[in-house]
Amino acid sequence: MTFGHGGHGGFGDYGEQPSGDVHETVGAYALGVLDDAEATAFEAHLAGCERCARQLEEFAGMGPMLAALADVPPGRATPVVGESLAARPSPRLAETLVDEVARKRARRRRRGLYLVAAAAALIVGGPLTVLAATGDDGGKPVTAHAAGPAEDAFHHITDKVEATDATTNVSATVGMEKKAWGTHTVLELKNVKGPLKCSLVAVGKNGERETVTTWAVPKWGYGITSSAHESARYPLYVHGGAAFTRDQIDHFEVETLDGKRLVEVNA
């Protein structure tokens with residue numbers, strides 16, 4: 001008797017040696033439906049096959065399910081290799097087994113995606129905002145401020161320049177760090193309201209302009225200490241790179257994507 005797990009798999013005729021791909025025998029081995037010669041032959045293959053070893057490990061945790069499906073009497077262990085089976089598994093058992101493994105793998109993949117999403121949220125500079133799932137706040141944003149990479153870099157950089165625009169009242173502090181490829185640039189932005197789409201532009205002493213980074217400002221804004229919106233009280237931190245060397249930069253401009261200048265910072 002043979003066991004296949006490509007697709008849904010199933011039981012079929014089994015000769016002295018496995019027919020088809022020898023890897024497909026791992027399910028039958030886990031179920032204990034191979035005879036002694038077949039089991040010995042598969043064990044010789046298993047000793048050098050990491051793929052089958054991993055699959056066998058997945059099957060190994062399903063003893064209770066296998067026992068129930070095979071109608072093993074209560075109090076009796078799941079059949080093992082070489083044991084005479086009082087009740088052979090039904091032809092549907094293989095398909096059920098493979099489906100169960102697929103469900104377990106899908107759950108692991110979903111958990112992995114949740115972790116990736118959580119990690120991605122920490123990459124964004126500025127406050128981390130989540131929506132409350134329960135409680136009496138009606139789903140209002142609850143702010144849990146966590147320093148992202150941009151903010152962390154800003155606090156470690158010592159070369160900084162700052163300015164506040166007299167018209168817009170927007171304040172900007174730009175940190176600069178020398179790199180082999182140019183200048184790593186980090187911006188701290190305060191007292192800016194949205195909704196806006198903005199950019200940080202490095203302007204060279206030769207008049208050339210390089211966009212360092214772009215971002216969006218939500219309607220509640222950033223760095224507004226008197227705001228009733230908790231998320232708005234924290235500054236915005238973004239970073240990027242300019243091909244200019246430090247001594248080639250004349251100044252920086254924070255402007256909207258439609259060309260309105262919010263603040264200029266001399267380098």
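**Exercise 1. A threonine and its partner**

Which residue's side chain does a polar contact of 2.3 Å join to the side chain of Thr 256? Then place Thr 256 in the fold and decide whether this residue is buried or exposed.

*Solution.* Keep in mind that you are looking at a predicted model.
- Step 1: The partner is Asp 258, whose side chain is joined to that of Thr 256 by the 2.3 Å polar contact.
- Step 2: Look along the chain and you will find Thr 256 in strand β11.
- Step 3: The relative accessible area of Thr 256 is 6%. Buried means under 20%, so Thr 256 is buried.
- Step 4: Now skip the neighbours within four places in sequence; Thr 256 is then in contact with Leu 196, Lys 197, Cys 198 and Leu 262.

**Exercise 2. Two histidines**

Find the strand that holds His 184, and name the residue whose side chain makes a 3.2 Å polar contact with the side chain of His 184.

*Solution.*
- Step 1: His 184 sits in strand β7.
- Step 2: The polar contact partner is His 239.
- Step 3: His 184 has 12% relative accessibility, and therefore counts as buried.
- Step 4: Beyond four places in sequence, the contacts of His 184 include Ala 153, Ile 157, Met 176 and Gly 240, as well as His 239.

**Exercise 3. Exploring the cores**

Work out which residues touch the most other members of the largest nonpolar core, and which strands contribute to this core.

*Solution.*
- Step 1: A helpful background idea is that nonpolar side chains tend to be buried together in soluble globular proteins.
- Step 2: The largest nonpolar core has 25 residues, and those touching the most other members are Leu 187, Leu 189, Trp 215, Phe 252 and Val 254.
- Step 3: Strands β6, β7, β8, β9, β10, β11 and β12 each provide at least two residues of this core.
- Step 4: Zoom in on Val 254: setting aside neighbours within four places, its contacts include Leu 187, Leu 189 and Trp 215.
- Step 5: There is also a second, separate core of 11 residues, with Ala 28, Tyr 29, Leu 34 and Leu 46 among them.

**Exercise 4. A buried glutamate**

Locate Glu 38 in the secondary structure and say whether Glu 38 is buried or exposed.

*Solution.*
- Step 1: Glu 38 belongs to helix α2, which covers residues 36-46.
- Step 2: With a relative accessible area of 6%, Glu 38 is buried.
- Step 3: Try the distance tool: the C-alpha atoms of Glu 38 and Ala 28 are 10.0 Å apart, with their positions 10 residues apart along the chain.

**Exercise 5. The whole chain**

Count the helices and strands, and give the buried share of the residues.

*Solution.*
- Step 1: You should reach 6 helices and 12 strands.
- Step 2: Of the 267 residues, 39% count as buried.

Note on methods: Residues are numbered from 1 along each chain as its sequence is written. This is a predicted model: local features need pLDDT of at least 70, side-chain atom pairs count only at pLDDT 80 or more; totals for chains, interfaces and linings use all residues. Side-chain values use heavy atoms; hydrogens and water are left out. Helices (H or I, at least four residues) and strands (E, at least two) are DSSP runs, numbered from the N terminus. Buried means under 20% relative accessible area, exposed over 50%, partly exposed in between (1.4 Å probe, protein chains only). A nonpolar core is a set of buried Ala, Val, Leu, Ile, Met, Phe, Trp, Tyr and Cys residues joined through side-chain atoms within 4.5 Å. Contact means heavy atoms within 4.5 Å. A polar contact is a pair of N or O atoms within 3.5 Å; within protein, one must be able to donate a hydrogen and the other to accept it, and residues adjacent in sequence count only if both atoms are side-chain atoms.
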